[in-house]
Amino acid sequence: MSLKRRVAKSAVAFIFSTFLTIAILSYSLVQITDKETLKPIVIAIAANQVPPEQVAQMREFIIQQCGGKQTIDLPLQNEKIAVDCNKIKSSPAEKTVEIIYSDNIDKLYNLEYKCEFLDCLRTQPAVIFSAKANNFFMSLTYISIILTVIFGILLAFLSRDSKFGVLRAFGWSFVFVGISYFFILAAKTTIIPQDVVEIAGPAIDIIFNIILFNLLIILIAGAILLAIGYIGPKLKKKKR
């Protein structure tokens, strides 16, 4: 293989790995911002942000407003949400926030934001918990997958000397991306401040577990490709 081709192959492998990383992370964010995934995250964060004494006061206020009504409307994020009076009355005070958010997750998730996602993120951070965020990351995933495939084809073309060479090229790229599994795993336990863990511990676990699982799949796939790519030629020679 000529020097120019080696340089081109290295450059294409790096670009392929970059877009593969973006595809994995954006797909992970699609999973994280899915409504069913977000539900326990939003509830956990909301419940931990309100001190117990304020929760008790909130419950008393809601019960007073309920009177003999089945439901009442309360303002939340510039919207009115429905609160089930019977659920609040029959549940312990510490479940108040969970009940409110659990019953209204669909409405909160489908809130309309009159701005582009990145602009909203600066002015209305709650947009990250919405369908708008999910749609943004889905679009980013599609784009990054297309670019990954394009540069994957180029990488295969530049590694076309043998099918095992192609497998090794993809194997190293996959391992290069998947190795970040260990860095993110370490970051989860060492970098995140304890006060953040106390507020959003369950949410952090869900987010990290999704990202780590996807990276682990890539890492294992890379290891398998490398094993076949290096062992394959030796087995082929033995058969001869």
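Visitor: In which helix does threonine 141 lie?

Guide: Threonine 141 belongs to helix H7. Keep in mind that this is a predicted model.

Visitor: Why does threonine 141 count as buried?

Guide: The relative accessibility of threonine 141 is 4%. Buried means under 20%, so threonine 141 counts as buried.

Visitor: What joins the side chains of threonine 141 and serine 26, and what makes it a polar contact?

Guide: The side chains of these two residues are joined by a polar contact of 3.1 Å. The cut-off for such a pair of N or O atoms is within 3.5 Å, and the 3.1 Å of threonine 141 and serine 26 meets it.

Visitor: How does helix H1 pack with helix H7, and why is H1 called roughly antiparallel to H7?

Guide: H1 covers residues 3–32 and H7 covers residues 131–158. Their axes are 8 Å apart, at an angle of about 155°. Angles over 145 degrees count as roughly antiparallel, and therefore H1 is roughly antiparallel to H7. The crossing of these two helices is left-handed.

Visitor: Which classes of residue make up the contact of H1 with H7?

Guide: That contact has 22 nonpolar residues, six polar ones and two charged ones.

Visitor: What makes H1 oblique to helix H8?

Guide: H8 covers residues 163–178, and H1 packs with H8 at an angle of about 45°. Their axes are 9 Å apart. Roughly parallel requires an angle under 35 degrees, and roughly perpendicular starts at 65. An angle of about 45° fits neither range, so H1 is oblique to H8. The crossing of H1 and H8 is right-handed.

Visitor: Why are H7 and H8 called oblique to each other?

Guide: The axes of H7 and H8 cross at roughly 135° and come within 8 Å. Roughly perpendicular ends at 115 degrees, and roughly antiparallel needs over 145. The angle of roughly 135° lies between those limits, so H7 and H8 are oblique to each other. H7 passes H8 in a right-handed crossing.

Visitor: How do you know whether serine 90 is buried or exposed?

Guide: Serine 90 sits in helix H4, residues 85–90, and has a relative accessibility of 62%. Exposed means over 50%, so serine 90 counts as exposed. A polar atom of its side chain lies 3.4 Å from the backbone oxygen of lysine 87.

Visitor: Why does alanine 47 count as partly exposed?

Guide: Alanine 47, in helix H2 (residues 35–49), has a relative accessibility of 30%. That value is neither under 20% nor over 50%, so alanine 47 counts as partly exposed. Its C-alpha atom is separated by 9.1 Å from that of tyrosine 101, 54 residues apart along the chain.

Visitor: What makes leucine 74 buried?

Guide: Leucine 74 lies in strand S1 and has a relative accessibility of 15%. The limit is under 20%, so leucine 74 counts as buried. Leucine 74 and isoleucine 62 are twelve residues apart in sequence, with 8.8 Å from C-alpha to C-alpha.

Visitor: Which elements have the lowest and the highest mean pLDDT?

Guide: Strand S1, residues 71–76, has the lowest mean, 81, and H7 the highest, 95. The protein averages 86, and 93% of the residues score at least 70. Where pLDDT is low, the predicted coordinates should not be read in detail.

Note on methods: Residues numbered from 1 in each chain as written. Predicted model: local features only at pLDDT ≥ 70, side-chain atom pairs only at ≥ 80, totals over all residues. Heavy atoms only, no water. Axes fitted to C-alpha atoms, helices over the stretch in contact; angles between N-to-C directions. Helix = DSSP H or I, 4+ residues; strand = E, 2+ residues; numbered from the N terminus. Left-handed = near helix turned anticlockwise from the far one by under 90°. Nonpolar A, V, L, I, M, F, W, Y, C, P; charged D, E, K, R; others polar. pLDDT = per-residue confidence, 0-100. Buried < 20%, exposed > 50% of the residue type's maximum accessible area, 1.4 Å probe, protein only. Polar contact = N/O pair within 3.5 Å; in protein donor to acceptor, adjacent residues only side chain to side chain.
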